[in-house]
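Work through the exercises below with the sequence and the model open. Try each task before reading its solution.

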Amino acid sequence: MNATVVVILALAVGTYAFRLVGPVLHGRVEIPARVQELASAGAVVLLVALLATGALTEGGGFAGWARPAGVLVGGLLAWKRAPFVVVVVGAAATAALLRLAGVA
């Protein structure tokens, strides 16, 4: 076997082990409420950071104003519980119209 196959198999075994640990340890391990709150807040912070870097940067620099505006419109539509298609089309249309108007 080559190294790529070994790495893929190791990752597959690790992924399966993580999936198995939840049901096996359910009820045996008590996680404090404070740790659960911190984990939940940490997940939100990571998602916001991912959103910010994806919306604001491209190639190590500022992506321009059209993309963040599209993300903002999409976020507002999602917050208002618009259908997914409306969110995607609204965000894309906002970015496209701003780029068409010359706003980078």
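**Exercise 1.** In which helix does proline 68 lie, and is proline 68 buried or exposed?

Solution. The model is a predicted one. Step 1: find proline 68 along the chain; proline 68 belongs to helix α3. Step 2: take its relative accessible area, which is 15%. Step 3: compare this with the cut-off, under 20% for a buried residue. Proline 68 is therefore buried.

Step 4: look for contacts of proline 68, leaving out residues up to four places away in sequence; the residues touched are Ala55 and Leu56. Step 5: compare with threonine 94, which is 26 residues from proline 68 along the chain; their C-alpha atoms are 9.8 Å apart.

**Exercise 2.** Determine how helix α3 is oriented relative to helix α4, and which residues make the contact.

Solution. Step 1: locate the helices; α3 covers residues 66–79 and α4 covers residues 84–100. Step 2: consider their axes, which come within 8 Å and cross at roughly 155°. Step 3: an angle over 145 degrees counts as roughly antiparallel, so α3 is roughly antiparallel to α4. Step 4: give the handedness; α3 passes α4 in a right-handed crossing.

Step 5: list the residues in contact. From α3 they are Ala66, Arg67, Ala69, Gly70, Val73, Gly74, Leu77 and Ala78. From α4 they are Val86, Val87, Gly90, Ala91, Thr94, Ala95, Leu98 and Arg99. Step 6: sort the residues of this contact by type, which gives 10 nonpolar, four polar and two charged.

**Exercise 3.** How many salt bridges does the structure hold, and which residues does glutamate 37 and glutamate 58 pair with?

Solution. Step 1: recall the principle. Side chains of opposite charge can pair when their charged atoms come close. Step 2: apply the cut-off, a nitrogen–oxygen separation within 4 Å. The structure holds two salt bridges.

Step 3: take glutamate 37. Its partner is arginine 34, and the closest N and O atoms are 3.8 Å apart. Both residues lie in helix α2 (residues 33–56), and because they are three residues apart, about one helical turn separates them. Glutamate 37 is partly exposed, at 48% relative accessible area, whereas arginine 34 is exposed, at 54%.

Step 4: take glutamate 58. Its partner is arginine 67, with the closest N and O atoms 2.5 Å apart. Arginine 67 is partly exposed, with a relative accessible area of 23%. Arginine 67 is also one of the α3 residues that contact α4.

How values were computed:
Residues are numbered from 1 along each chain as its sequence is written. This is a predicted model: local features need pLDDT of at least 70, side-chain atom pairs count only at pLDDT 80 or more; totals for chains, interfaces and linings use all residues. Side-chain values use heavy atoms; hydrogens and water are left out. Axes are lines fitted to C-alpha atoms, for helices over the stretch in contact, and angles run from 0 to 180 degrees between N-to-C directions. Helices (H or I, at least four residues) and strands (E, at least two) are DSSP runs, numbered from the N terminus. Angles under 35 degrees count as roughly parallel, over 145 as roughly antiparallel, 65 to 115 as roughly perpendicular and the rest as oblique. A crossing is left-handed if the near helix is turned anticlockwise from the far one by less than a right angle, and right-handed if clockwise. Contact means heavy atoms within 4.5 Å. Ala, Val, Leu, Ile, Met, Phe, Trp, Tyr, Cys and Pro count as nonpolar, Asp, Glu, Lys and Arg as charged, and the others, Gly among them, as polar. A salt bridge is a side-chain nitrogen of Lys or Arg within 4 Å of a carboxyl oxygen of Asp or Glu. Buried means under 20% relative accessible area, exposed over 50%, partly exposed in between (1.4 Å probe, protein chains only).
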